[in-house]
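Student: Could you take me slowly through one part of this model, the place where the two protein chains meet, and then show me how the surroundings of that part fit in?

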Number of protein chains: 2
Amino acid sequence: MGGRREEILDAALAIADEHGLEAVSMRAVAERVGVTPMALYRHVSGKAALLDAVVGRLLAAFLPPDAGEDQGWEERLGALAHACRNATQRHPWAAQLLFSRPAVTPDAVRAVDVIYTALIEAGVPDRDVPRLERLISTFVIGFAASEASGRFAPGTLDPRSRRGRLPEGDLPGHHRLAPWLDLPVDLTTEFEADLDDIVRLIKTCVTTSPVSATTPRPGGRR
Amino acid sequence: MGGRREEILDAALAIADEHGLEAVSMRAVAERVGVTPMALYRHVSGKAALLDAVVGRLLAAFLPPDAGEDQGWEERLGALAHACRNATQRHPWAAQLLFSRPAVTPDAVRAVDVIYTALIEAGVPDRDVPRLERLISTFVIGFAASEASGRFAPGTLDPRSRRGRLPEGDLPGHHRLAPWLDLPVDLTTEFEADLDDIVRLIKTCVTTSPVSATTPRPGGRR
DNA sequence: AGACGATGTATACACCGTATACGTATACAC
DNA sequence: GTGTATACGTATACGGTGTATACATCGTCT
């Protein structure tokens, strides 16, 4: 039946993993499937749709198989964020695609809902939840994309010589921070520190008392 | 002199503004300049370098002509963030390019320094400043990219029907937030609210007393 | 048997970035 | 003047891209 379509998506994902996103051409995918390029169009409407379907498949992998009901909202939020970053570490080419389209696939909507429920449970007023969801997802995806695309990398020049390009007085911040800037950065611990900051930010948005996870209302769901 | 190079960058920027980033081809730029495609290579090493130069020119436009020394750090940070968003609203195609490369051009380094000095002035410990700079710039660029690429757009389906795709019980968050989700969002006020949140986040990172802008230490720099 | 839809193939078109080779025009040394 | 180096532009060509169009081959159903 639709097995051919899955086969095509598998091939595209494998090529992207092995040789990068720019190597994913209709011809290359077709060759991998063992078929003529034009045969792909019987199962996929075009290259854009093909890529959309591939990121949709990745999004599905984000989601905890069953949303851990017994964890607190902080843990659920952190798990989702780490799942996103892990996925873009395994598939760096996918990061830029996450910014391309709104969350339309069912899996993406489910991921958004995980954030919604976490924020509600934290006690964030309903009015602020959608905005904070966009803030959080924007940062998490942005971090993953920055890391994957090399925006966080020091560039070809080391920090010292990069700074040397400009008169020292023009960069008082760099000058003051020099000892810290020359240190290598561990992006994993940085990501965790950022998430801690964001959790603190969420808590400052709370007006009502948060819904306690340890004292579920009697007859709680399930 | 190098006038030809500026002319090429002008042409590329104009084409991107008028017909999108994908319309910027070496042939199209050359035709606009009134020259053969291969002539471009006398002034630009290739297409990637051309695009880098174009975003470099945009970055230069971010920067306040002279960093407003008399404003507080919150105002300077906000001004930079709004400048970034304004630029990507005027040139939506540029948003995705901002994630592609580290800040290597002198102008980009200067923008980073504006954030550094703002955080230092706010009283953030030196050790945390580089991380917070990455957090802030990631969010600001991510917001701009999300807005420009349509990630924040509701998609072709309206929220109601999008939600209708899944059994209602699977999306408790969407269900609860339905009245707010159906409202149109004003991304300008949302961006400002986000920046306010980030400023509050910065203030929670302060341990030492902030450097007051109104009471510079005697014999302050310059 | 015959029609039909699903699937794959063959060919072709317009476009892309750019390597290579060749022209031309100015500037400077002798 | 004469040669030559350098800057700039042109011409042609190669291998790649996504995909429109037309044709062939099936298994299935009537």
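**Where the chains meet**

Tutor: Before turning to the contact itself, it helps to look at one chain alone, and in chain A residues 24 or more positions apart account for 65% of the contacts with a separation of 6 or more. Please keep in mind throughout that this is a predicted model. The secondary structure of chain A consists of ten helices and zero strands, so that reading along the sequence gives the pattern α-α-α-α-α-α-α-α-α-α. Of the 222 residues in chain A, 34% are buried.

Now to the part you asked about. The contact between the two chains draws 53 residues from chain A and 54 residues from chain B. On the side of chain A that touches chain B, at least two residues each are supplied by helix H6 (106-122), helix H7 (129-149), helix H9 (172-181) and helix H10 (187-204) of chain A. Among the contributors to this side of chain A, H7(A) has the largest share, with 13 residues. If you sort the residues on this side of chain A by class, you find 25 nonpolar, twelve polar and 16 charged.

From the contact we can move on to the nonpolar interior. The largest nonpolar core has 105 residues, and those with the most contacts inside it are A:Ala12, A:Leu119, B:Ala12, B:Ile115 and B:Leu119. The list therefore names residues of both chains, A and B, as members of this core. To follow one of these residues more closely, take B:Ala12, which touches B:Val24, B:Val29, B:Leu50 and B:Val54 when residues up to four places away in sequence are not counted.

The two DNA strands complete the picture. Around DNA strand C there are 14 residues, and the closest are A:Thr36, A:Met38, B:Ser25, B:Met26 and B:Gly46. Helix H2 (residues 26-33) of chain B gives the largest share of the surface near DNA strand C, namely three residues, and by class that surface has seven nonpolar, three polar and four charged residues. Around DNA strand D there are 14 residues, of which A:Ser25, A:Met26, A:Gly46, B:Thr36 and B:Met38 come nearest. Here it is helix H2 (residues 26-33) of chain A that gives the most to the surface, with three residues, while the classes near DNA strand D are seven nonpolar, three polar and four charged residues.

Key:
Residues numbered from 1 in each chain as written. Chains lettered and ligands numbered in written order. Predicted model: local features only at pLDDT ≥ 70, side-chain atom pairs only at ≥ 80, totals over all residues. Contact = placed C-beta atoms within 7 Å. Helix = DSSP H or I, 4+ residues; strand = E, 2+ residues; numbered from the N terminus. Nonpolar A, V, L, I, M, F, W, Y, C, P; charged D, E, K, R; others polar. Near = placed C-beta within 6 Å. Core = buried A, V, L, I, M, F, W, Y, C linked by C-beta atoms within 7 Å. Buried ≥ 20, exposed ≤ 12 C-beta atoms within 10 Å, placed from the backbone.
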